[in-house]
Amino acid sequence: MNPLSLGDLMSLEEYSEQRTSFRNAVIEHKRNRSVQVGPNATLVFEDRLTIQYQLQEMLRTEKSFDASVIEQELEAYNRLIPDGNNWKSTLIVQFPNSEERQIALIRLSGIEDRVWIGAGNSDCIWAISDEFVVSATEEQTSELHYLRFEPDDSFADAAKSGSDISIGIRHDFYNHSVTPIPDNVRESLLEDLD
């Protein structure tokens, strides 16, 4: 996928005018890129549009006008866009109340390294976690993690030839999977691979 550039971004004024419609379009787009794995974890597979939305929201919140600052942010956010040979995802770990969440985030330490994707009979691919953002400690995980999946040729061939794609988390305190993922998500993910 092509990285975002300064010319792809709306000015703060333009974004303010288009924010509601843009957000609605991104929410609809994410329906084809999200998989809930068990009751408390969701994977949102990022692409150019989802990352542009995150960047536009950050610039809006920070009220950033400085071109050099925006270029630095572009460099950071572009790392979260798949490059045609991988998938990049945000893992969101959610619990309804703060006490339960605090206990769960301690119990689920390391969950970000226990996420996998499988296709047909090929070996599953384990997520590479938080390369650019350190969001967890040894004692406690975070609610958000940035993951990368690097499918090899046999995996990509199996997925492209129609094999079911499965996603799961294999952690001592959280063991859930989705087999197969919904067709709309499968089709969207295959579009990310060259």
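Two strands are taken to pair if DSSP finds at least two bridges between them. In this predicted model, strand E3 (residues 87–93) and strand E7 (residues 144–149) are joined by six bridges and run antiparallel. Within this pairing, Trp87 of E3 stands opposite Phe149 in E7.

Strand E3 also has a partner in strand E2 (residues 41–45): five bridges join E2 to E3, and these two strands run antiparallel. Here Thr42 has Ile92 of E3 as its bridge partner. How much of E3 is buried? Six of the seven residues of the strand are buried, so E3 is largely enclosed by the rest of the structure.

Turning to the helices, helix H1 (residues 12–30) packs against helix H2 (residues 48–62) at an angle of about 145 degrees, and their axes lie 10 Å apart. The crossing of the two helices is left-handed. On the H1 side, the contact is made by Leu12, Tyr15, Arg19, Phe22, Arg23, Val26, His29 and Lys30. These residues meet Leu49, Thr50, Gln52, Tyr53, Gln56, Glu57, Leu59 and Arg60 of H2. By character, the residues of this contact divide into seven nonpolar, four polar and five charged.

Helix H2 also holds Thr61. Is this residue buried or exposed? With a relative accessible area of 54%, Thr61 lies over the 50% cut-off and is therefore exposed. Along the chain, Thr61 and Phe173 are 112 residues apart, and a distance of 36 Å separates their C-alpha atoms.

Note on methods
Residues are numbered from 1 along each chain as its sequence is written. This is a predicted model: local features need pLDDT of at least 70, side-chain atom pairs count only at pLDDT 80 or more; totals for chains, interfaces and linings use all residues. Side-chain values use heavy atoms; hydrogens and water are left out. Buried means under 20% relative accessible area, exposed over 50%, partly exposed in between (1.4 Å probe, protein chains only). Helices (H or I, at least four residues) and strands (E, at least two) are DSSP runs, numbered from the N terminus. Axes are lines fitted to C-alpha atoms, for helices over the stretch in contact, and angles run from 0 to 180 degrees between N-to-C directions. A crossing is left-handed if the near helix is turned anticlockwise from the far one by less than a right angle, and right-handed if clockwise. Contact means heavy atoms within 4.5 Å. Ala, Val, Leu, Ile, Met, Phe, Trp, Tyr, Cys and Pro count as nonpolar, Asp, Glu, Lys and Arg as charged, and the others, Gly among them, as polar.
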